[in-house]
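Let's take a look at how charged pairs and nonpolar packing show up in this one. Here's the sequence with its structure.

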Amino acid sequence: MIGALRLADIVQWSARDPRFGGWSDMRWAPDGSLLAISDRGYWLTMRDGVWTLGVLRDENAAPLRRKEDADAEGLALFPDGVAAVSFEGRHRIDLFGVRQGGHAAPARTGPSLSGLASLGAKSGLEALARAPDGRLVAGAESGEIWVIDPAAPAPTPVKTKLDHPFGWGLTAF
């Protein structure tokens, strides 16, 4: 027990597969499967205790292999089967179609966000979430937050910055 918080459970994942690990974010999909992304450029789907591992692919279907391209950090799922994934290194948001069984289709370019060039190599888009109203919320470790309405004809992100006087960085929503 920590203050008013009580630890309910602990889950430890392990596998002998060298691609396994570095999980940055995970979400429950509408079909009940667990989707996760790694900072090594992999995509994991787990359903009924069976997991499938695949590589994240760029818009040309080539695997994301270089660390600066593959460092996936945030994951947001949309009801239409689109998964938004934020990356640090080469800061961006890419959109993936989640196929049956959780395999991700090659990426499409996501919304363009102003100010990404000023983020440090390891201080990128760590946090990503879909708000109840359908907007996408992206956050950088440095406290910048972008709110994007993907339903708008030309989505224009609204940017703000959190004041974080305690020395911590934003890493999740």
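Nine salt bridges turn up in this predicted model. Three of them are set out here, each with the gap between the closest N and O atoms.

| Salt bridge | Closest N and O atoms |
|---|---|
| R27 with D25 | 3.5 Å |
| D69 with R66 | 3.2 Å |
| D133 with R135 | 2.8 Å |

How exposed are the partners? R27 comes out as partly exposed, at 23% relative accessibility, while D25 is buried at 14%. The D69 and R66 pair has a similar mix of labels: D69 is buried, with a relative accessible area of 14%, and R66 is partly exposed at 48%. As for R135, it counts as partly exposed because its relative accessible area is 36%, which falls between the 20% and 50% cut-offs. R66 and D69 also belong to a wider arrangement, a salt-bridge network that links them with E68 and R90.

Now for the nonpolar side. The largest nonpolar core is made of 16 residues, and A84, I93, L113, L136 and W146 have the most contacts inside it. Two or more residues come from each of β6 (82–87), β7 (92–97), β9 (125–130), β10 (136–140) and β11 (144–148). β10 is the top contributor, with three residues.

What does A84 touch, if you skip its neighbours within four places in sequence? The contacts are G74, L75, A76, F78, I93, D94, L95, L128 and L136. Another core, of 15 residues, lies apart from the largest one; I37, W43, A72 and V85 are among its members.

Methods. Residues are numbered from 1 along each chain as its sequence is written. This is a predicted model: local features need pLDDT of at least 70, side-chain atom pairs count only at pLDDT 80 or more; totals for chains, interfaces and linings use all residues. Side-chain values use heavy atoms; hydrogens and water are left out. A nonpolar core is a set of buried Ala, Val, Leu, Ile, Met, Phe, Trp, Tyr and Cys residues joined through side-chain atoms within 4.5 Å. Buried means under 20% relative accessible area, exposed over 50%, partly exposed in between (1.4 Å probe, protein chains only). Helices (H or I, at least four residues) and strands (E, at least two) are DSSP runs, numbered from the N terminus. Contact means heavy atoms within 4.5 Å. A salt bridge is a side-chain nitrogen of Lys or Arg within 4 Å of a carboxyl oxygen of Asp or Glu.
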